[in-house]
Amino acid sequence: MKLLKLTVEGLPHFNGIFDIDFIARQRVSENDKKQLYNVFSKIYINQVIAFVGINASGKTTILKVLSFVMNMLKNESINNSQSKEVLNDLENNQKVTITSYFYNNGFVNKLQTVIAKEINIVDNSEKFIIVDESLWSKESSRIKTKKSIFEFKSADLKQKRNQDEQYLMNDISIIIAINKKNNKSFFVSDMLEWTDHNMINILGQFPKELLMFLDPSIEYLQCHMEKKKFDIRLKFYGKKEVIINNPDMLENYLSSGTIKGLGIFMNAWFVFVASGYLIIDEIENHFNREIVATLIRFFMDSKVNKNGATLIFSTHYSELLDEFDRNDSIYIVKNRNGIIAKNLSTILSRNDIKKSEAYDSNYLGGTVPVYEAYMALKKVLMR
């Protein structure tokens, strides 16, 4: 199952409708096909999507929205979602409409889910419920143009949520029926909770090739858990094995970049196999530019990323934009009376303009701190 497009309407803190395309908006050349994934016919998706913006622009909130929707689409209860906080500021009975377009087994589907907050007047407890939901479906062979992908007729309606159905909980999407029928769903590796906690989050024996790439002095690293206790064995070349029982203690032996790299590259490995989605906030934290660039290149390389896995990340690091040949896989995030995410292809029509220079020069508007704020801070520091 591959996502093609998501729109979310009615979210607090957003200015209008949040809209993200996974399909390649711009023309696809023969050379571009090496870094895009062919979903069906002549429809391609970007395998890397970046959200770039200054501090407090809303990048993390956007990633939480994407995480929330993706986990809903893989049968997770919306009340159990770690990212449900994006709905917290809804008023009682206020509604959010999520429209998801995805491809599966020769069909393009449109799922529209309406969520509302429900407050219990007795104990003032809050929960979120799905108040309405509809699923449309059409054969991909009927689609002749990119524009027609997202056009559905009433005749395409396949299923509508029936509130009388007792077997379906009111906080689980009807997509569960499709997932069970096909015996598969979206695979999501969400690393948002690890943004501020840099520690090993993968058990097992780490590949020598990965260890060599991150730190050539490591001979082996094995992490296991027995009876809720960690058994971590680390050995450097020419030195005795170190045994550690607490993952936090690894930072005494490994650099923060190595620790983060082990987690991210191993998660990327799983995502490559499962044709899934890897979500990372502030991807440059603890990393040098070349390591981040390597991760991006792996996702863009069809020889490595054979199944069309997708990397979704946020960054402040404008130089990373120059790793992208295309503009339609980059979103510029701003906060102007609410969060806005604009696809770079709608702002910058040419791919050959150096993206980092356009970003840093404020050519795109709102991508660098306001000059007045800069001068005010400088005066305070001078005093």
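Biologist: How many bridges join strand β12 to strand β13, and do they run parallel or antiparallel?

Modeller: Keep in mind that we're looking at a predicted model. The general idea first: strands of a sheet pair through backbone hydrogen bonds, either parallel or antiparallel. Here β12 (residues 218-226) and β13 (residues 229-236) run antiparallel and are joined by eight bridges. For a landmark, find Ile218, which stands opposite Phe236 in β13.

Biologist: What happens at the turn in that hairpin?

Modeller: Two residues sit between the strands, and Lys227 takes a positive phi near 50°. Carry on along the chain and β13 also pairs with β14 (residues 242-244), again antiparallel, through three bridges. In that pairing Ile232 faces Ile244 of β14. The β13-β14 hairpin has five residues between its strands, with Gly238 at a positive phi near 80°.

Biologist: Let's zoom out. How many helices and strands are there overall?

Modeller: Seven helices and 18 strands. Of the 383 residues, 51% are buried. Looking at contacts with a separation of 6 or more, 63% of them link residues 24 or more positions apart.

Biologist: Now the sheets. Which strands stand at the edges of the open sheet that has antiparallel pairing?

Modeller: Read the order first: β2-β1-β6-β7-β8-β9, six strands with antiparallel pairing. The edges are β2 (18-21) and β9 (157-160); each has a single partner strand, so one side of each is left without a neighbour in the sheet. From one strand to the next, the twist averages 15°. At the β2 end, four bridges tie β1 (residues 2-9) to β2, and Thr7 has Asp19 as its bridge partner there.

Biologist: Which helices pack on that sheet?

Modeller: One is α1, touching β1, β2, β6 and β7, with its direction at about 120° to that of β1. Another is α2, which touches β6, β7 and β8 and makes about 20° with β6.

Biologist: How do I read burial along a helix, and which residues of α2 are buried?

Modeller: The rule of thumb is that an α-helix has 3.6 residues a turn, so residues three or four places apart point the same way. In α2 (residues 175-182) the buried ones are Ile175, Ile176, Ile178 and Asn179. Down the helix axis they fall within an arc of 160°, so they line one face of α2. Lys180 and Lys181, on the other side, are exposed. The cover over the buried residues includes α1 (59-73), β6 (95-104), β7 (107-119) and β8 (126-139). Just past the end of α2, Asn183 has a positive phi of about 55°.

Biologist: What is the order of the sheet with mixed pairing?

Modeller: That open sheet runs β10-β15-β16-β5-β17-β18, six strands in all. At its edges are β10 (188-190) and β18 (339-343); each has a single partner strand, so one side of each lacks a neighbour in the sheet. The twist averages 15° between successive strands. For a parallel pair, look at β5 (residues 48-52) and β17 (residues 330-335), joined by three bridges; Val52 has Ile332 of β17 as its bridge partner.

Biologist: And where do helices α4 and α5 lie?

Modeller: Helix α4 (residues 256-274) lies across β10 and β15 (277-280), at about 155° to β15. Helix α5 (residues 289-300) lies across β5, β15 and β16 (310-315), at about 150° to β16.

Note on methods. Residues are numbered from 1 along each chain as its sequence is written. This is a predicted model: local features need pLDDT of at least 70, side-chain atom pairs count only at pLDDT 80 or more; totals for chains, interfaces and linings use all residues. Side-chain values use heavy atoms; hydrogens and water are left out. Buried means under 20% relative accessible area, exposed over 50%, partly exposed in between (1.4 Å probe, protein chains only). Contact means heavy atoms within 4.5 Å. Two strands pair if DSSP finds at least two bridges between them. Axes are lines fitted to C-alpha atoms, for helices over the stretch in contact, and angles run from 0 to 180 degrees between N-to-C directions. The arc is that of the directions from the helix axis to the C-beta atoms.
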